[in-house]
Amino acid sequence: MILNLQSIFKDYQQDKLVVPVLKDVSLQVDEGEYVAIMGPSGSGKTTLMNIIGCLDRPTSGIYELAGEDVLQYKDKEMSDLRLSKIGFVFQSFHLMPRQSALENVALPLSYAGVKKKERRERAAAALERVGLGERVDFKPTQLSGGQKQRVAIARAMVNNPKILLADEPTGALDSKSGKQIMELFERLNEEGVTIVMITHDRNIALHAKRIIHIIDGVITEEGGKEETDE
């Protein structure tokens, strides 16, 4: 099991009020799974993603990532865990505008202290993997939305993370580019990459093999692609 959340609660303090956002959430994801977490705005899905991504801590509960008790870690250890075990793909790409595609993809490796020659080799291989081997020297302004998201996916994958977290990955794309990104995710999953995708769009969620619904901080589950294709 790559991801194990047990009885996760998350409360926020607003003045003197305690606002519950996640209510007794338990979720397990095995290595190689492709899971969509689906919910409307305000459902708690972003809070859940932030906890899975070690960007936030729950109020209470258990969280184990690849067998490690994440919640025992100090902030610096959490940061190191994010860098080595989790790849992030966001709706708005978060690329450095003045850096080439290669330099953007190599960025996590520089944070991890990898030497320059190896950084360049691994970044080039990651871009090749997402079909952008010919675009290594292009800057984000020279790329389409779909190509920018491919660069972001290559950057997320360059450290060989244990899990790929995608937050509304097609939200800023036209339908054709979105379809291509979904096909890329399916291919990466077939290669063994564990994917957890956050979305409000059922058509996007149906690409996953398993769908988790979250509404008002509570989760329920339904089948995924295999059960809905019939």
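Begin with the aromatic rings: a search of the whole structure, which is a predicted model, finds 1 aromatic pair (rings of Phe, Tyr and Trp, the last by its six-membered ring, pair if their centres lie within 6.5 Å). Select F88 and F90, whose ring centres are 5.8 Å apart and whose planes stand at 0 degrees, so the pair is stacked (planes under 30 degrees apart count as stacked, over 60 as edge-to-face and the rest as tilted). F88 is buried, with a relative accessible area of 16%, whereas F90 is partly exposed at 23% (buried means under 20% relative accessible area, exposed over 50% and partly exposed in between, with a 1.4 Å probe and protein chains only).

Before moving on, note that residues are numbered from 1 along each chain as its sequence is written, and that side-chain values use heavy atoms, with hydrogens and water left out. In this predicted model local features need pLDDT of at least 70 and side-chain atom pairs count only at pLDDT 80 or more, while totals for chains, interfaces and linings use all residues.

Keep F88 selected and add L83, P108, Y111 and R155: these are the closest to the centre of the largest pocket among the 18 residues that line it. About 470 Å³ of space lies in this pocket (on a 1 Å grid over the protein atoms alone, a pocket is an open set of points where a 1.4 Å probe fits, with protein on both sides within 12 Å along at least five of seven lines, and lining residues have an atom within 4 Å of a point). To see the framework of the lining, colour α2 (75-85), β6 (86-89), α3 (101-111) and α5 (145-157), each of which supplies at least two residues (helices, H or I of at least four residues, and strands, E of at least two, are DSSP runs numbered from the N terminus). By type, the lining divides into 12 nonpolar, 4 polar and 2 charged residues.

Next, go to N4 in strand β1 (residues 3-14), which counts as buried at 12% relative accessibility. Its side chain is joined to that of Q6 by a polar contact of 3.1 Å. Leaving aside neighbours within four places in sequence, N4 is in contact with L27, Q28, I62, Y63 and E64 (contact means heavy atoms within 4.5 Å).

Finish at D216, in the loop between β9 (210-215) and β10 (218-223), where this residue is exposed at 52% relative accessible area. With neighbours within four places in sequence again left out, D216 is in contact with V21, K23 and S43. R129, by comparison, is 87 residues from D216 in sequence and 38 Å away in space, C-alpha to C-alpha.

Notes. Grid points are joined across faces, edges and corners, and a volume is the space filled by probe spheres set on the points. Ala, Val, Leu, Ile, Met, Phe, Trp, Tyr, Cys and Pro count as nonpolar, Asp, Glu, Lys and Arg as charged, and the others, Gly among them, as polar. A polar contact is a pair of N or O atoms within 3.5 Å; within protein, one must be able to donate a hydrogen and the other to accept it, and residues adjacent in sequence count only if both atoms are side-chain atoms.
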